[in-house]
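Biologist: Please choose one part of this model and take me through it closely. I would like every term explained once, with its cut-offs.

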Amino acid sequence: MTTLVTTRPDEGITPPWSFPTVQRLSLDGVDVVAAHLPARPLVHATVLVDTGATADPVGKEGTASLLGDVVLRGAAGLDQHGLAVAFESVGAVPSVSVSFERTDLDVEVPAGLLPEALALLAEVLRRPTLAPSELVRVRDARVDRLLARRTDPGFRVGRAAARGLWAASSRYAISSGGGADQVRTITAEDVAELHAKRWAQAPVTLILVGDLTGVDLAGVAAPLSGTTVAPVPVVTSGEPAGSGTRIHVTDVPGSVQSVLRVMAPGPAFGEADDAALEVASTAVFGSFSSRLNLKLREDLGYTYGASGGFAHLRDVGWSQAGASVRTEVTAASVAETLGVLRAATADGLTEEEVAHARTNLVRKFAVRYDGPGAVASALARRVHNRLEDDERDRHLASLQAVTT
């Protein structure tokens with residue numbers, strides 16, 4: 001028999017939480033950052049390279065992203081199929097992600113097979129095959145995808161918003177993966193040169209998270225170590241395209257929806273008021289109960305959902321908010337969106353809004369780091385942005401203390 005619960009359970013007390021303790025070890029060319037999570041037999045390993053799309057040659061934006069794709073097409077004397085089989089034999093599926101400022105090579109593997117998996121990952125990083133024929137295949141397939149996506153309003157508004165936000169001279173005005181016009185010009189020599197300058201002998205950080213009982217940290221890191229040369233730092237302009245409110249319109253004939261995106265420059269990682277900013281943005285556009293979503297979805301019925309958030313890099317940041325709305329209410333949606341944002345800035349937030357957003361963030365904080373992958377991601381962000389080991393604990397305390 002089914003019994004329905006007719007009363008809502010009382011709210012419980014949020015248990016105390018702290019970020020896992022970190023152990024550090026330095027070898028030649030590799031810093032090891034390890035967090036022991038008992039009873040987590042799958043270890044998440046991230047090799048962090050402190051370079052990304054900002055190192056792309058001018059006019060060939062997307063080179064670093066292509067390098068990230070092609071390194072898994074051959075290494076250790078194996079072709080793409082052989083390399084995939086080698087990783088599969090140790091229960092691992094590797095991935096490479098390239099952002100503006102950094103590159104992460106990730107693998108999740110049983111602790112007992114960590115040495116074999118990291119030995120393969122070291123070959124992928126330091127000595128990939130980089131066969132010209134594979135590069136051409138990967139490049140041409142990416143160009144085809146980029147051309148096909150030109151009919152996607154969401155894709156086009158993202159590209160237009162970036163160009164509208166950043167000065168034309170800024171790397172951030174073009175996506176980290178580049179556009180079709182830039183990617184089609186990239187050659188195998190461009191990719192090989194970037195690898196030689198930025199990956200082959202670059203110092204790296206190895207992040208290990210999981211049950212590390214009995215794991216020889218120095219031993220598993222050894223394949224990544226050796227003589228390294230730090231690359232020349234990349235200086236990237238974060239200059240905005242202009243000041244004041246500017247509206248850019250891109251026409252996509254026949255589209256039944258309009259995609260709205262509002263962007264503005266924002267703070268980099270580690271700003272003093274980042275906790276208050278997170279609470280405020282959650283209340284205004286960063287949650288289902290935000291002002292923007294309630295206005296556009298619940299009150300007006302213009303959209304299925306509006307959302308937004310902040311992107312924080314080491315040197316720059318930006319905010320964005322938006323929604324997909326019915327075409328016939330495009331102008332009204334723009335006016336309402338700007339109205340919500342301006343009212344929040346001018347008038348501030350209510351006690352109820354702040355309390356709701358703060359409670360939401362605090363209660364789900366520990367859940368955000370439930371698992372080796374999430375902890376490894378947070379550690380990679382911490383290392384890359386040169387934050388203190390207690391940064392997450394201090395951020396939680398700051399969130400709990402945010403007031404109207």
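Modeller: What follows goes through one sheet, then one of its residues, then a helix that packs on it, and ends with the salt bridges.

Some ground rules come before the details. This is a predicted model, in which local features need pLDDT of at least 70 and side-chain atom pairs count only at pLDDT 80 or more, while totals for chains, interfaces and linings use all residues. Residues are numbered from 1 along each chain as its sequence is written, and side-chain values use heavy atoms, with hydrogens and water left out.

The names of the parts need a definition too. Helices (H or I, at least four residues) and strands (E, at least two) are DSSP runs, numbered from the N terminus. Two strands pair if DSSP finds at least two bridges between them.

The sheet is open and has three strands in the order β9-β11-β10, with antiparallel pairing. At its edges are β9 (257-266) and β10 (303-312), each of which pairs on one side only. On average, and with direction ignored, neighbouring strands here are turned by 10 degrees against each other. Such angles run from 0 to 180 degrees between N-to-C directions, and the axes are lines fitted to C-alpha atoms, for helices over the stretch in contact.

Strand β11 covers residues 317-326, and its antiparallel pairing with β10 runs over eight bridges. One pair to look for is T303, whose bridge partner in β11 is V325. Helix α10 (residues 291-299) packs on the sheet, where it touches β10 and β11, and its direction makes about 160 degrees with that of β10.

V325 deserves a longer look. This residue of strand β11 has a relative accessible area of 0% and is therefore buried. Buried means under 20% relative accessible area, exposed means over 50%, and partly exposed is in between (1.4 Å probe, protein chains only). V325 also shows how parts of the chain that are apart in sequence come together: Q257 is 68 residues from V325 in sequence, yet their C-alpha atoms are 5.4 Å apart in space. Contact means heavy atoms within 4.5 Å. If neighbours within four places in sequence are left aside, V325 is in contact with V256, Q257, S258, L260, Y302, T303, T330 and S333. S333 leads on to the next element, since S333 is among the buried residues of helix α11.

Helix α11 covers residues 330-347, which is 18 residues. How far apart should its ends be? The expected span of a helix is 1.5 Å times one less than its number of residues. For α11 this gives 26 Å, and the end C-alpha atoms are 25 Å apart, which agrees.

The buried residues of α11 include S333, T337, L338, V340, L341 and A344. Seen down the helix axis, the buried residues fall within an arc of 150 degrees, so they line one face of α11. The arc is that of the directions from the helix axis to the C-beta atoms. The general geometry of helices helps here: an α-helix has 3.6 residues a turn, so residues three or four places apart point the same way.

What does the buried face pack against? The buried residues of α11 pack against β9 and β11 of the sheet, and also against α10 and α9 (274-284). On the other side of α11, A331, A335, A346 and D347 are exposed. Just after the helix, G348 takes a positive phi of about 80 degrees.

Last come the charged side chains. A salt bridge is a side-chain nitrogen of Lys or Arg within 4 Å of a carboxyl oxygen of Asp or Glu, and the structure holds 22 of them. One joins the side chains of E328 and R326, at 2.8 Å from N to O. Are these two residues buried or exposed? E328, at a relative accessible area of 60%, is exposed, whereas R326, at 35%, is partly exposed. Elsewhere, salt bridges that share partners join R24, R382 and D389 into one network.

To put the picture together, start at V325, which is buried in the model, find its bridge partner T303, and then turn to α11, whose buried residues pack against β11 among other elements.
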